[in-house]
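Here is a friendly walk through the cysteines of this model and one of its helices. Have the structure open as you read.

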Amino acid sequence: MKVAVVLFNLGGPDGPEAVRPFLFNLFRDPAIIGLSAIARYPLATLISRTREKTAQANYAIMGGRSPLLPETEAQAAALEARLAGQGVQARVFIAMRYWKPFAAETAREVAAFGPDEIVLLPLYPQYSTTTTASSVKDWARAYRGPGRTCTVCCYPNAPGLVEAHAEAIRETWEKAGKPGNVRLLFSAHGLPQKVVDAGDPYQVQVEATAAAVAARLPELADWKVCYQSRVGPLKWLGPATDDEIRRAGAERKGVLISPIAFVSEHVETLVELDHEYHELAREVLALPYLRAPTPGVREGFVGTLAKAVVDALGKNGVAPEGPWMCPAGLSACACRRGEAG
């Protein structure tokens, strides 16, 4: 049996000249800006033009390009090796949403491979209409080849993911000398509140991940979920990470930041967390300022991905991985109770 695994991720510019088209692709996505195409395209053009210089400066801090593709390639290689060790001969492909390799290119490679089964596996542990759902729709438009397909919709409290985060946090805290006056901040990328109000399960799943990780870290009992990267005038999920850093400073506490919704290092961890929020923490005396790394290729996380693939084989439709099912009332969830395939 030939198995193709397709890892979905956001993508990132591979050089300064790619920043504007990357931003354009991001903001023309109807899952990001919910306007008609006739309004969305010129708005995406405007946003990508006005944000280009600032974004280029951020990527310059990381060497001029996003590290997301190399990080994802490392995860793909680790997953292939882990599956082979379990007796599953699979080829792992990568499909990025807003920069190369795009879904159309990857779809041609998968079709040429001729798989019997395809597992669509997002590197977004928490499901959202703005991430996983957008990538799945993009793939459906692009793929015309063979293979029974199962989509892993989410894995917010899969044991391996939880343990990978807990290990990274514990190691960071111990390396710093186990400071006692530290608040653990689980920082996730934010969403406009209206997206969540429309039934998106992202916030519920982020909170589930954080609670599961915190349960493994009794030594860090003071913890909080917060959200970063808000832009524009809309109301966003809160509390905001920068506000929580200010609050910690006012209470004379340090902070240990865990990027709870990210599994790879990229601009929002290496620039926003490591530079912008670190500088804010210095200003407001929220010290020490510590940041746990993302799961990357930690054994527990790669194990979660491998288990998701194995569990998806022989299935059609959509299924979560791990002990998760969305509660009732979340109309945008892909795996509401009784509806997972």
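## The disulfide

Cys-326 and Cys-333 are joined by a disulfide, with an S to S distance of 2.0 Å; a disulfide here is a pair of cysteine sulfur atoms within 2.5 Å. The structure holds one such bond. The torsion about the S-S bond of Cys-326 and Cys-333 is about 75 degrees, so this disulfide is right-handed.

Both Cys-326 and Cys-333 are buried (buried means under 20% relative accessible area, exposed over 50%, partly exposed in between, with a 1.4 Å probe and protein chains only).

A word on the source: this is a predicted model, in which local features need pLDDT of at least 70 and side-chain atom pairs count only at pLDDT 80 or more, while totals for chains, interfaces and linings use all residues. Residues are numbered from 1 along each chain as its sequence is written, and side-chain values use heavy atoms, leaving out hydrogens and water.

## Two cysteines without a bond

What about Cys-153 and Cys-154? The sulfur of Cys-154 is 3.4 Å from its closest cysteine sulfur, in Cys-153, which is too far for a bond. Cys-153 is in no disulfide.

Cys-153 is buried, with a relative accessible area of 1%, and Cys-154 is buried too, at 0%.

## Inside helix H5

Which residues of helix H5 (residues 132–142) are buried? They are Thr-132, Ala-133, Ser-134, Ser-135, Asp-138 and Trp-139. Helices (H or I, at least four residues) and strands (E, at least two) are DSSP runs, numbered from the N terminus.

The cover over these buried residues includes strand S1 (3–9), strand S2 (90–96), helix H4 (103–113) and strand S3 (117–122).

Terms used: Contact means heavy atoms within 4.5 Å.
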